[in-house]
Amino acid sequence: MNQTDDRKEILEFNKLQKKLRRNVGNAIKDYNMIEEGDVVMACISGGKDSFAMLDILLNLQKAAPIKFEVIAVNLDQKQPGFPEHILPEYFETLGIPYYIVDKDTYSVVREKVPEGKTTCGLCSRLRRGTLYSFAEKIGATKLALGHHMDDIVETMFLNMFHGSRLKAMPPKLRSDDGRNVVIRPLTYCREKDLIKYAEHKNFPIIPCNLCGSQENLQRQNIKAMLIEWDKKTPGRVDSIFKSLQNVSPSQLADTNLFDFENLPIDREADRDEYQFSEATVSSTNIDESLFIDVTNI
Ligand code: SF4
C-alpha cells in the first residue's frame, strides 16, 4: 500500500469513527440513556459490537459534559474453549475497572435443552438474569448492551414472522421487576459500519460459536433478506428503523393501543382540510370526476 492509499484509509476511518460517535451520542441524548453520576455496566461478550460499544463509550466519557462511570463486565458462561485470558488482558491495557463473572450457564443449557433444539432462548434468559443481579451487586445504574440498528430491525421481523407480534428491541428498557435499566447505545449504528470499525481497531474478537449451538437459522434468514433489500434499495433498513420511532396506533389494529370501540361522532368539530363540504365546492374548482367519486362513497 502506498502513502496515498494510507492517507485515504486514515481519512475514511476518521470519518467512520466520527459517524459512529455521533450516532451513539445522539441515541444517548434522544433516549436520556446516561445521566449525571450513572454507573454504566458495559456488558462485553467479546464480539465486535460490544468491543465497539465500550470503545465509543469510553471516548464519550472523556468528552461528555456530565460525569459517569464505565465498568466492563464479561460473563464467562464456561463454553468449552473460551479463551479466558483475552478480555482481562484487553481491559488491563485500557486501564478501566472490570469484572469477569463466572457462571456455568453452558452446562445448565446442555442439561435442560433436548438435543437438536435451539439453546439460545434459555441461554440468553440465564445470561440476562445473571447480569441483572450482578449490576445490582456492583451498584450499576445502567446496563449497556451492544445491540445495533440491524439487530433491532431483525428482531422486529423475527417477532412478526414467527411470533405474530409487532415488537422489536427498545433503545432503553426497564426490566420487568423495575430493578434495572438496560440501554443500547448502538441503536443508531449500522452493523456494516461496526464491522469496518472493529477491523480497523483490531479488537481481539472471540468467536461466538463456542457453545456449539446451531446458528439461529431464522435470524440468519431475516438478516439475508435485509441485506438483499438494502442492496437493492440503499437505506431501507434505516427507513424501517425510523418507522419504529414514528408509530400511529390509530392506523394499526391493536385494540389495547387504540380505543376503536369508542369513536363517537362529533359534528361540531372542525372539518378536515380536504373533506367534502358545500363551502369547498363553491370556492374551489373541484374536478368533476372527483366530485362523482366523493358523492358515491
Ligand atoms: S449462540 Fe450459544 S452462547 Fe449465544 S445465545 Fe445461543 S446458546 Fe447462548
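How far apart do the end C-alpha atoms of residues 45-50 lie, and what are the helix and strand percentages of the span? In this predicted model, the two end C-alpha atoms are 6 Å apart, and the span is 50% helix and 0% strand. Residues 45-50 carry the annotation "short sequence motif: PP-loop motif" in an unreviewed UniProt entry.

The secondary-structure elements around this segment were examined next. Strand E1 comprises residues 39-43, and helix H2 comprises residues 48-63. Four of the five residues of E1 are buried, leaving the strand mostly covered. Together with strand E2, E1 and H2 form a β-α-β unit of right-handed sense. The two strands of this unit, E1 and E2 (residues 69-76), are paired in parallel through five bridges. Within this pairing, Ala42 has Ala72 of E2 as its bridge partner.

E1 is also joined to strand E4 (residues 142-144). Here the two strands run parallel and are connected by three bridges. Val40 is bridged to Lys142 of E4. E1 thus has parallel pairing with E2 and with E4. In a regular strand, side chains point alternately to one face of the sheet and the other.

A second annotated feature concerns three cysteine residues. The unreviewed UniProt entry lists Cys120, Cys123 and Cys211 under "binding site". Although these residues span 92 positions in sequence, no pair of their C-alpha atoms is separated by more than 9.9 Å, and they therefore gather at one spot.

The surroundings of two of these cysteines were then compared. Cys123 is located in helix H5, which covers residues 120-137. Cys211, by contrast, is placed in the loop between helix H7 (191-201) and helix H8 (217-232). Cys123 has 21 other C-beta atoms within 10 Å and is buried, because the threshold for a buried residue is 20 or more. For Cys211 the count is 18 C-beta neighbours inside 10 Å, and this residue is therefore partly exposed, since its count falls between the limits of 12 or fewer for exposed and 20 or more for buried residues.

Contacts were considered with residues up to four places away in sequence left out. On this basis, Cys123 touches Thr105, Val109 and Cys211. The contacts of Cys211 are Gln79, Tyr106, Thr119 and Cys123. The helical Cys123 and the loop residue Cys211 are thus in contact with each other, and both belong to the "binding site" listed in the UniProt entry.

Conventions. Residues numbered from 1 in each chain as written. Predicted model: local features only at pLDDT ≥ 70, side-chain atom pairs only at ≥ 80, totals over all residues. Pairing = 2+ DSSP bridges. Right-handed = clockwise from strand over helix to strand, strands pointing away. UniProt positions renumbered as here; feature names shortened; annotations may be inferred. Contact = placed C-beta atoms within 7 Å.
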